[in-house]
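Visitor: I should like a close look at one helix and at how it sits among its surroundings. Please begin with the helix itself and then widen the view.

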Amino acid sequence: MYQYSGLILFAPLLSFVIIVFGTRVWDMTSRPKKVQITTHDGHNTYEGEGHEQEAHVGAELAYASVPAVTTAAVAHGAQDATAHAEDQAAAAHGANLDDHGEDDDEDPKVAHLSAGAIVSGYVGIGIMLLAAIYSWFLLLSSLSDTAFQKTGAFVWSYDWLKQKGGVGDYTIAFHIDTLGLAMLVVVTTVSLLVHFYSQGYMEDSAGYARFYAYLALFTFSMLVIVFAQNFLVIFIGWELVGLSSYLLIGFWINKKAKPEEQRPSPANAAMQAFVTNRIGDVGFIIGIMILFVNTGTFDFPTLFVKAPQVMSQGLLATAMILVFCGAIGKSAQVPLHVWLPSAMEGPTPVSALIHAATMVAAGVYMVARVFPLFVAAGPVALLTVAWVGGITALFAATIALVQSDFKRVLAFSTISQLGYMFVGLGVSGLGGPETAAIYSTGPGMFHLFTHAFFKALLFLGAGSVLHSLHHATHKEVQDMRLMGGLGPKMPITALTWLIATLSISGFPFLAGFFSKETIIGLTAQRGQWALFIITLGTSGLTAFYMLRAFILAFGGTDGKYGGMWGGTYRGVGNPKESPRTMTIPLLLLAIPSIIAGYWFGFFPYVGAREALDVAGLFTDPLTYVGIAVSLVGLVIAYFMYARLNPARLHTIVENNAALRTLHRIFYNRYYVDEFYNLLIKYGVLGLSHVEQAFDTYIVDGLVNGVARLVTTLGRDIRYTETGRVQSYMIGFFGGVAVLTVVALVLVNFVAK
Amino acid sequence: MGLSLNHFLVLGAMLFCIGLYGAIAKRNAIAVLMGIEIMLNAVNITMVAFSFYNHVNANGVNYSGLLTGQIFAIFIITVAAAEAAVALAMVISIYRKRNTVDVSDIDMMKW
Amino acid sequence: MDFATLVFWIVAVILIGAALAVVGLRNIVHSALALVIVFAMAAGIYLLLNAEFIAIVQILIYVGAITILILFAIMLTRVTSGQSTNPVSKQWWLGAIVSILIGVGIIYAEMNSSHAVATVGGSSPLPGNVSNVVRIGQLLYSPSSYSYVLPFEVASLVLLVAIVGAIVIGRED
């Protein structure tokens with residue numbers, strides 16, 4: 001049964017292949033081919049260019065595999081443009097004044113999805129549905145399977161490179177155990193819901209089929225990480241999710257940057273994400289190499305046994321901190337967090353899937369996966385993990401307090417929550433292997449598990465709001481100052497969002513409460529009081545900014561229930577509830593957002609010795625401190641945003657120098673991006689200039705110098721070619737004379 | 001003391017050197033040619049001398065009838081005659097075009 | 001000192017002297033006349049070496065033909081201006097050094113190396129008591145396996161080409 005879980009792994013790859021080589025090509029070919037050039041404004045020309053780019057990306061995707069498909073993609077990129085030109089023309093003539101004609105964003109639209117595109121979506125959803133059902137089935141059956149819980153199950157392996165003596169093998173190996181299974185369920189479930197949800201969100205995108213192909217590719221990549229049995233495979237998956245993330249963030253390649261909202265263009269955001277991740281990956285791969293060189297294996301179980309034996313603790317700690325660098329990059333921890341807010345430029349379902357629930361959690365998963373190595377590496381490595389997480393949690397939460405961009409609040413919230421997970425992992429391992437075994441990876445992974453659901457819900461809810469506002473205003477609106485009072489207009493979205501908000505705030509008896517309080521309690525239990533204060537304070541901040549976002553979007557001072565529900569809508573148009581394809585996933589995600597925390601057996605399931613002590617949780621006074629802090633955050637947010645006029649609030653902040661400065665620092669995200677820009681501009685580019693100078697003057701100088709020397713020599717020596725035959729004779733016979741003398745000397749004096 | 005091979009060889013060598021000096025040091029093209037003729041003669045003398053003394057080898061076989069050196073000398077004379085004819089034709093041709101027979105001035109093939 | 005040796009020394013001294021005159025005289029016509037003496041003395045050396053045919057050919061071709069050819073060339077290319085008709089070039093001293101070095105080298109090698117042929121005694125009478133001329137005729141013309149018929153024919157071609165070439169180069173156009 002477990003060995004067939006490889007089917008889940010390869011299912012998304014199958015749907016990727018079907019979409020790229022089958023339905024997407026069909027989608028392209030089935031679009032109208034008639035060329036109709038309309039020149040009623042300059043806009044069309046630009047759109048046409050955009051389509052060429054779109055076709056280009058498609059071509060790149062297909063280029064990797066089959067030239068014929070490339071040709072098809074290029075050929076039909078032009079037809080994308082044609083389809084759109086017709087759409088534009090129809091809109092201009094007033095015959096088809098629907099939602100798409102006047103949108104100011106540059107995402108290419110089609111009037112109606114072609115059959116090929118729709119089938120692409122169904123293929124993706126159907127295959128993901130089967131995968132999700134199978135993974136849930138595996139999870140439920142593994143609950144009672146103690147043999148599996150102990151060892152996991154082998155799935156599939158392939159000897160890539162085999163060395164003599166079995167040391168230094170390169171093996172592509174997949175396995176599944178309880179830790180992986182917990183992650184697997186999260187990935188397939190969220191992925192399925194996002195697939196489903198995207199039907200509504202991407203309803204008229206010209207790149208509909210491509211979007212599903214990317215989603216499938218991402219899911220496959222993520223599953224490679226989940227199933228990985230060794231560092232080699234996890235690194236391959238690591239880079240694959242980086243690629244998919246790049247493709248999906250930059251999905252709207254035609255969109256421009258919006259400097260007034262501090263928003264980069266998707267293309268730049270994608271590049272930033274990719275490059276920032278590479279910085280972390282350098283550390284990651286160096287760490288892997290240190291381990292491999294010393295132990296001769298990538299395999300996790302072998303490493304757990306062998307690495308502490310053959311490596312000194314200092315070396316192991318160095319290696320593990322380097323490995324953790326990869327997690328810093330992938331999970332957007334300080335100082336490599338800058339890419340995640342920018343990544344919000346991607347489509348919102350992508351943000352939900354990749355940049356909230358799954359890929360960014362891969363760093364946490366990876367640390368949990370090699371947790372025994374961290375424990376063996378000692379407190380230095382563990383404290384590094386915990387402190388990076390703690391600082392990130394507080395840092396990101398303070399920024400999230402003042403952000404006005406709907407999705408960016410969620411982005412910083414994600415960073416902050418990921419910090420919690422690292423704190424959970426780091427402090428859990430402190431105190432030697434015996435103590436570490438008590439909770440093991442439980443708290444961190446538990447928070448990952450619950451967070452995935454409510455954060456995906458938050459993002460999909462946000463997407464629902466943005467989608468609705470897009471239809472209402474024909475513009476892309478992400479600023480919460482242009483929302484407000486949306487509660488009654490889109491009740492399902494608002495209600496589910498409220499549930500997720502309370503859950504992430506640590507409101508008692510919701511999913512986030514259990515996982516978060518466990519981590520906060522654990523820091524106290526391990527005596528890390530500084531981390532305790534940080535995490536505790538952060539939970540208050542979290543409650544504050546989440547409720548603030550909720551009220552700003554869905555409520556207002558003049559709304560019902562004391563301003564929590566409805567009120568003045570500050571934007572234009574008339575937003576409506578999103579279609580069912582989008583609300584159903586919200587409702588489905590609301591369920592685990594409430595109940596996921598009640599899986600009290602999660603800790604032993606992922607290998608801890610003890611289960612979550614629920615009774616202890618409720619008798620511990622620190623828990624009530626935590627609840628109180630969260631409630632204080634919620635109450636402050638309520639009074640500041642639901643009772644206070646926003647204009648009044650603005651005046652108060654502006655008139656207080658300390659608050660104003662603080663607001664500015666938070667709003668500009670501690671100027672980290674500016675600092676990096678300066679660093680790149682003067683540090684990296686300066687170094688590049690030096691290196692360029694080295695290249696120009698030393699390397700080129702050598703090459704050119706040799707050439708110049710030869711040229712000069714040739715030019716000067718040619719004057720020995722006098723054209724006079726007697727000079728040549730002197731040369732010739734002079735040579736003979738010299739050789740004669742040399743020969744005589746040799747014969748008479750040397751050879752004797 | 002009678003004549004030996006070395007007498008002729010040294011004579012040929014001295015003659016060759018004198019011819020070489022003439023060929024290198026004279027500026028008149030015809031004088032250069034004369035030097036070359038002297039060199040050819042020096043070689044011929046050496047050839048014939050070797051032919052004369054190559055009468056018997058270490059095993060007592062008689063080589064007297066071979067006359068290889070003399071045959072070579074004949075061919076050298078033949079070629080020398082041909083060379084002299086062509087070279088003098090060239091000298092005359094150059095003289096006609098450039099009004100000089102000074103080899104120092106004939107340097108059209110320089111760099 | 002026998003007769004042959006005496007003759008050798010006389011001829012050799014005249015030969016070297018005439019050769020030095022050829023390269024040393026400032027008048028090109030005098031040089032050409034000294035060249036006649038060189039060729040004639042060389043013919044004498046050939047006679048000493050029992051090579052009557054070569055000696056006769058030497059007289060005929062060198063003294064009779066080439067010298068006359070050179071004199072004609074001198075006549076046709078007479079340089080009117082300047083005192084010396086046979087000047088030395090600027091690097092004559094270099095030529096002298098090179099020549100002397102090579103000469104010393106050759107002579108040293110000749111004196112000190114062992115030869116593959118006998119160094120004294122001279123040639124015994126030819127087999128079958130044929131004369132030198134007859135023997136050379138046999139070698140050049142006989143169709144036997146050991147003869148120089150083919151090179152001889154090739155030499156005739158060389159001469160033909162030289163004649164044609166000389167005409168082509170030398171004619172006025």
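Which residues of H13(A) are buried?

Guide: This is a predicted model, in which local features need pLDDT of at least 70 and side-chain atom pairs count only at pLDDT 80 or more, while totals for chains, interfaces and linings use all residues. Residues are numbered from 1 along each chain as its sequence is written, and chains are lettered from A and ligands numbered from 1 in the order in which they are written.

The buried residues of H13(A) are Thr348(A), Pro349(A), Val350(A), Ser351(A), Ala352(A), Leu353(A), Ile354(A), His355(A), Ala356(A) and Ala357(A). A residue is buried if 20 or more other C-beta atoms, placed from the backbone, lie within 10 Å of its own; it is exposed if there are 12 or fewer, and partly exposed in between. Because ten of the ten residues of helix H13 (residues 348-357) of chain A are buried, the helix is largely enclosed by the rest of the structure. Its buried residues pack against helix H6 (178-201), helix H7 (208-227), H8, H12, helix H17 (406-428) and H19 of chain A. Helices (H or I, at least four residues) and strands (E, at least two) are DSSP runs, numbered from the N terminus.

Some of these partners recur elsewhere in the model. H7(A) supplies 17 residues, the largest share, of the largest nonpolar core, which has 220 residues. Such a core is a set of buried Ala, Val, Leu, Ile, Met, Phe, Trp, Tyr and Cys residues joined through C-beta atoms within 7 Å. Within this core, Val367(A), Phe374(A) and Ala456(A) have the most contacts. Two residues are in contact if their C-beta atoms, placed from the backbone, lie within 7 Å. Beyond its neighbours within four places in sequence, Val367(A) contacts Phe324(A), Ala327(A), Phe374(A), Val385(A) and Leu425(A). A second, separate core of 91 residues includes Val32(B), Leu88(B), Ala18(C) and Leu48(C). In soluble globular proteins, nonpolar side chains tend to be buried together.

H12, another partner, has a notable loop before it. Pro335(A) lies in the loop between helix H11 (313-330) and helix H12 (339-343) of chain A, and the peptide bond from Val334(A) to Pro335(A) is cis, with omega near 5°. H19 is followed by a loop that also merits inspection. His474(A) is found there, between helix H19 (442-473) and helix H20 (491-505) of chain A, and has a phi near 55°, a positive value in a residue other than glycine. With 17 other C-beta atoms within 10 Å, His474(A) is partly exposed. In the loop between H20 and helix H21 (511-525) of chain A lies Phe509(A), whose phi is likewise positive, near 75°. Phe509(A) is exposed, with 12 other C-beta atoms within 10 Å. Most residues other than glycine have a negative phi, and most peptide bonds are trans.

Chain A as a whole has 31 helices and two strands, and 53% of its 752 residues count as buried. Among its contacts between residues at least 6 apart in sequence, 80% join residues at least 24 apart. The mean pLDDT (the predictor's confidence in each residue, from 0 to 100) of chain A is 85, and 90% of its residues reach 70 or more. Among the elements of chain A, helix H8 (residues 231-249), a packing partner of H13(A), has the highest mean pLDDT (94), while helix H2 (residues 43-63) has the lowest (43). Over residues 38-83 of chain A the pLDDT is below 50, and this stretch has 66 contacts beyond near neighbours in sequence. Over residues 85-102 of chain A the pLDDT stays under 50 as well, with 26 contacts beyond four places in sequence.

The other chains complete the setting. Chain A gives eleven residues to its contact with chain B, which gives ten. By class, the side of chain A has five nonpolar, three polar and three charged residues; here Ala, Val, Leu, Ile, Met, Phe, Trp, Tyr, Cys and Pro count as nonpolar, Asp, Glu, Lys and Arg as charged, and the others, Gly among them, as polar. The contact between chains C and B takes 78 residues from chain C and 66 residues from chain B. H4(C) gives the most to the side of chain C, with twelve residues. Leu101(C) is found in helix H4 of chain C and touches Ala737(A), Thr740(A) and Val741(A).
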